[in-house]
Amino acid sequence: MIDLTSGRCPVCNGKLKLSRLVCPDCSAEYPADRLLSPYDDLSHEDSEFLKVFLTCRGNMKDVQAACGISYPTAKKRLDALLAALGYIDKNEEEFEMHIFTAAEKDSVRASDIVRNKLYENGGQATVYSFTGEPCVIKANPDGKMFDSDKLPPKYGYAVFDVIVEDLLLQQPNYRARKGMGRGYRLGTGKCTEDTVVGAVGKYYFGKSTGDSVLDPVFVLAAILDWAGIAHNRRGYIELTADYCAKRLG
C-alpha cells in the first residue's frame, strides 16, 4: 500500500491536493480543488505529539510524563511541530536550555519563582498587563537577566526580590501602589519610595531622591501576577494568599 501520510506524491514528491469529496453514506461525489492543510502534511510522529500536547492542555510537564522524554526533547519536538505547521521559522535560533539552569526548586524568593516558571515554559512566555496588553518575556542564558519587548535590557530577576522584600512585605496588607515615573522624580508625587516604581528606582537601580527613574511597572506587575506571586490590580499590586503562605508560613 502506498503511504500518502506525508502529503507528498510518492512519484515526484509534489504537494498533493484534494480533487474530490465522497459521502460515505450515499457515495455521492463532489469535485474539489484545494491543497491539503499543514495538519494533513504532519508526519506520524508530529501528529502523535500534537495529540499528546492537546490532551495535556499544553502543560509541558504532563507532556514529558506522557511521552517519557526530557524537557529539552519535548521542547525540540514542539519546535519541530510548530515549524512544520509554519508558525515559526525553521531556521529561527532556538533558546539554549542546556545553558540556562533552573533555580532551587523549593525556593520562596520571588526571583527564583519567576526564573523557574520561565524555565518551565521553555525560556519564553507572554504575560498580560492589567489592560490586557501582551508582553513577551525571554530568559537570558546568563540565568540572571531577562528580556522583554516592552523593557530596555537592564532587568534581572533580582528586581522581583526588591519589589517583594523591600516593598510589599513592609506594607500593610502586603499591598503597594504601582506609582508612576513619567513626569515625576524619585521621592516626589507618584514616585515615592513606597510605590513599585520608586522602590525599583531606589533599591534596584540605586537612584537618589530627585533622580529620574524608568517606569517598568506594568510589565513587572504582569510578570508577578503570571508567576502567582502578586495580584495585578488597578493602581496597585498585592501578594497572593498562596505566596504569603509559602513565604510567611
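## Pairing strands and the open sheet

Two strands count as a pair if DSSP finds at least two bridges between them. With that in mind, let's look at this predicted model. Three strands make up an open sheet, ordered β3-β4-β5, with antiparallel pairing. At the edges sit β3 (124–128) and β5 (146–148), each of which pairs on one side only. Ignoring direction, neighbouring strands of this sheet are turned by 30 degrees against each other on average.

If you zoom in on β3 and β4, you will find five bridges joining the two antiparallel strands, with β4 covering residues 134–139. A handy place to begin is glutamine 124, which stands opposite lysine 138 in β4. Then bring helix α7 into view: this helix, residues 217–226, lies across β3, β4 and β5 and runs at about 110 degrees to β3.

## The chain as a whole

Stepping back, the secondary structure of the chain comes to eight helices and eight strands. The chain has 249 residues, and 36% of them are buried. Take the contacts between residues at least 6 apart in sequence: 47% of these join residues at least 24 apart.

## Helix α6 and its neighbours

Helix α6 spans residues 196–204, and a run of its residues is buried: Val196, Val197, Gly198, Ala199, Val200 and Gly201. What do the buried residues of α6 pack against? Their partners are α5 (158–165), β6 (175–177), α7 and β8 (236–239). Helix α7 therefore turns up twice in this report, as a packing partner of the buried α6 residues and as the helix lying across β3, β4 and β5.

Follow the chain just past α6 and you reach glycine 206, which takes a positive phi of about 70 degrees.

## Around helix α2

Helix α2 covers residues 60–67, and there is a polar detail at its start: a side-chain oxygen of asparagine 59 comes to within 3.0 Å of the backbone nitrogen of lysine 61. Just after α2 comes glycine 68, with a positive phi of about 65 degrees.

On the other side of α2, the loop that connects it with α1 (44–55) contains arginine 57. Arginine 57 has a phi near 55 degrees, a positive value in a residue other than glycine. Is arginine 57 buried or exposed? Its relative accessibility is 77%, so arginine 57 counts as exposed.

## The β1–β2 loop and the cysteines

Serine 27 is another residue to check by eye: its phi is positive, about 70 degrees, although it is not a glycine. Serine 27 lies in the loop between β1 (17–22) and β2 (29–35), and it is exposed, with a relative accessible area of 54%.

Next to serine 27 in the numbering is cysteine 26, which is likewise exposed, at a relative accessible area of 53%. How many disulfides does the structure hold? The count is zero. Cysteine 26 is in no disulfide, and the nearest cysteine sulfur, that of cysteine 23, is 3.7 Å away. The cut-off for a disulfide is a pair of cysteine sulfur atoms within 2.5 Å, so this pair does not qualify. Cysteine 191, by contrast, is buried, with a relative accessible area of 0%.

## Aromatic pairs

The model contains five aromatic pairs. One of them brings together phenylalanine 146 and tyrosine 157, with centres 5.7 Å apart and 40 degrees between the planes, a tilted arrangement. Phenylalanine 146 belongs to strand β5 and tyrosine 157 to the loop between β5 and α5, so their pair ties together parts that are 11 residues apart in sequence. Phenylalanine 146 is buried at 3% relative accessible area, and tyrosine 157 is buried at 4%.

Tyrosine 204 and phenylalanine 205 form an edge-to-face pair, at 4.9 Å centre to centre and 85 degrees between the planes. Here both rings belong to partly exposed residues: tyrosine 204 has 22% relative accessibility, and phenylalanine 205 has 29%.

Finally, return to the rings around β5: ring pairs link Phe146, Tyr157 and Phe160 into a cluster.

Terms used: Residues numbered from 1 in each chain as written. Predicted model: local features only at pLDDT ≥ 70, side-chain atom pairs only at ≥ 80, totals over all residues. Heavy atoms only, no water. Helix = DSSP H or I, 4+ residues; strand = E, 2+ residues; numbered from the N terminus. Axes fitted to C-alpha atoms, helices over the stretch in contact; angles between N-to-C directions. Contact = heavy atoms within 4.5 Å. Polar contact = N/O pair within 3.5 Å; in protein donor to acceptor, adjacent residues only side chain to side chain. Buried < 20%, exposed > 50% of the residue type's maximum accessible area, 1.4 Å probe, protein only. Phe/Tyr/Trp six-rings, centres within 6.5 Å; stacked < 30°, edge-to-face > 60°.
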